[in-house]
Amino acid sequence: MSSPYWGDRTADNRRRAYPKWKGNATVDAVVIGGGLTGCASAYTLAAAGMNVVLLEADRLANAGTAASLGMIVPQPDATFRSVEAARGRRVARLAWEAAQYGAIDLAAALKKLAINCDLKPSAAHVNAFQFADGDALKREQAARKDAKLDAAWLSAGPAKRAISTDSFGAIRLRGGAVYDPVRAALGLAGAAEKKGARIFEHSRVRKTSFTRKDATVHLDGGAKIKTRAIVVATGEPGSAFSQLQRHVRVTDGHVVVTQPLNAEMRREAGTRGYSLIERGESSRFLRFLADDRVLFAGVEVKPQAERVREKLMVQRAGQLMYELSLHYPTISGLKAEWAWSLPVVSTLDGLPWVGLHRNYPFHFFGIALGWHGDSISWFTARAAARHFTGETRVGDDAFTFLRAL
């Protein structure tokens, strides 16, 4: 029950195994982390003509990517109003534009590369499920509209018809999609290889160091790789970049995938060509899967000790299934066939950290992507390739560390 649906769907014995890194070398670029962000970055860097090495500590797409939601959401985790209040309108607007660009461009790239990952457009809606949330969501929509962002408002009646559940208003987003994130990441890794990238599993990075001329990636076992370009795509900073841990907060989020819906349940859910994001005391996320199941996520708590995590997972799964039945009453009694927890790595203002850090020359970070950082993963990959090839664009600093200064 505690293994992720996406990981089981493409089990280890159905994946290609990559070798472990050995020896010392000098390359153009090193990507640390083999999830969606890392595989996308390996592809964009290799496509830009760089000699790329990707290093994954375990197996490709086996950690945060396997535990993710499979939702390409054209907005960051935070609310626009909270970011605007904390960082100003320019930062907030750049962040929302970058997320929407990343969502649309990621879907286009997956199509162009013919990656088989069940990619489908999905009408993403930010929904006010409770009466108390309706006014706040309308103010959120008004703030986005005032900033000239995509923010179509649906009043209660049209929203209910669009998403087949209770609503006190919703924001309809443009550019949303759903997909299998593991197969997408593995497909991008394959595309990176075709462009000349070399990929290594079970190759843990211990630390990085640097001089004025270049940087060195130090691996367990003593191997070293010299480079002038490092993309850090590890979700959270981890021990290799412990100095940055203070910039993030980590919680345990929870996800369930139901048994297949029967005919009556499918009728109640309507077209199922939509996905939901709900804001309240805590966030909830809902999407439909290709095999007539529902994925529902939320319930963030402080990270728990391993010895109690399984027991708590049962409780959280029960809570999520109950909440799901409030959205679609005919689902009541359906069981969770998969349930798992994932680390939700975020920041104080809710935006990810993407870009350069003054204490780490030659490094480009893509960390703290939150619940649904898929669009930001692609933005990171494209922005990193532009930076290291001298083609930086306006907006590439949308999630910079400098916003905290």
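Biologist: At about what angle does helix α6 run to β7?
Modeller: In this predicted model, helix α6 covers residues 156-163. The helix lies across β6, β7, β8 and β16. Its angle to β7 is about 95 degrees.

Biologist: Which strands stand at the edges of the open sheet of eight strands?
Modeller: The order is β7-β8-β6-β16-β17-β18-β15-β19, with mixed pairing. An edge strand here has a single partner, so one side of it is left without a neighbour in the sheet. From one strand to the next, the twist averages 25 degrees. The edge strands are β7 (152-154) and β19 (336-346).

Biologist: Within that sheet, what is the bridge partner of Asn127 in β8?
Modeller: Strand β6 spans residues 123-127 and strand β8 residues 170-172. The two run antiparallel, joined by three bridges. In β8, Asn127 has as its bridge partner Ala170.

Biologist: What angle does α5 make with the direction of β8?
Modeller: Helix α5 packs on the sheet. It touches β6, β7 and β8. Its direction and that of β8 differ by an angle of about 30 degrees.

Biologist: How are α3 and α5 set to each other?
Modeller: Helix α3 holds residues 80-87 and helix α5 residues 131-146. Their axes are 8 Å apart, at an angle of about 60 degrees. Angles of 65 to 115 degrees would count as roughly perpendicular, and those under 35 as roughly parallel. This pair fits neither class, so α3 and α5 are oblique.

Biologist: How many residues of the contact of α3 with α5 are charged?
Modeller: From α3 come Phe80, Arg81 and Glu84. From α5 come Arg139, Glu140, Ala143 and Arg144. Two of the contact residues are nonpolar and no polar ones take part. The charged ones number five.

Biologist: Which strands are at the edges of the open sheet of six strands?
Modeller: The order reads β10-β3-β2-β14-β21-β20, and the pairing is mixed. The average twist between one strand and the next is 15 degrees. Each edge strand pairs on one side only. These are β10 and β20 (353-355).

Biologist: In β10, what is the bridge partner of Leu55?
Modeller: β3 and β10 pair through three bridges. The sense is parallel. The β10 partner of Leu55 is Phe200.

Biologist: At about what angle does α10 run to β21?
Modeller: Helix α10 lies across β14, β20 and β21. Against β21, the angle is about 175 degrees.

Biologist: How many of the twelve residues of α2 are buried?
Modeller: Helix α2 is mostly covered. Among its buried residues are Leu36, Cys39, Tyr43 and Leu45. They pack against β2 (29-32), β3 (52-55), α7, β14 (230-235), β21 (363-367) and α10. The buried count is eleven.

Biologist: What span should α2 have, and what are its end C-alpha atoms apart?
Modeller: The expected span is 1.5 Å times one less than the number of residues. With twelve residues, α2 should span 16 Å. The end C-alpha atoms agree with this, at 16 Å.

Biologist: Just after α2, which residue takes a positive phi?
Modeller: The phi value there is about 95 degrees. The residue is Gly49.

Biologist: What covers the buried residues of α7?
Modeller: Helix α7 has 14 residues, 181-194, which should span 20 Å; its end C-alpha atoms are 20 Å apart, so the two agree. Its buried residues include Pro181, Val182, Leu188 and Ala192. The cover includes α1 (5-9), α2 (36-47), α4 (89-112), β10 (198-200) and α10 (374-388).

Biologist: Is Glu323 buried or exposed?
Modeller: Glu323 sits in helix α9, residues 306-327. Beyond its neighbours within four places in sequence, it is in contact with Arg284 and Phe296. Its relative accessibility is 17%, and the cut-off is under 20%. Therefore Glu323 counts as buried.

Biologist: What is the relative accessible area of Arg206?
Modeller: Arg206 lies in strand β11. Outside its neighbours within four places in sequence, it is in contact with His218, Leu219, Asp220 and Ala240. Arg206 is partly exposed, with a value of 43%.

Biologist: In β12, which residue is the bridge partner of Ser209?
Modeller: β11 (residues 205-210) and β12 (residues 215-219) pair in the antiparallel sense, over five bridges. They form a hairpin with four residues between them. The β12 partner of Ser209 is Thr216.

Key:
Residues are numbered from 1 along each chain as its sequence is written. This is a predicted model: local features need pLDDT of at least 70, side-chain atom pairs count only at pLDDT 80 or more; totals for chains, interfaces and linings use all residues. Side-chain values use heavy atoms; hydrogens and water are left out. Two strands pair if DSSP finds at least two bridges between them. Axes are lines fitted to C-alpha atoms, for helices over the stretch in contact, and angles run from 0 to 180 degrees between N-to-C directions. Angles under 35 degrees count as roughly parallel, over 145 as roughly antiparallel, 65 to 115 as roughly perpendicular and the rest as oblique. Contact means heavy atoms within 4.5 Å. Ala, Val, Leu, Ile, Met, Phe, Trp, Tyr, Cys and Pro count as nonpolar, Asp, Glu, Lys and Arg as charged, and the others, Gly among them, as polar. Buried means under 20% relative accessible area, exposed over 50%, partly exposed in between (1.4 Å probe, protein chains only).
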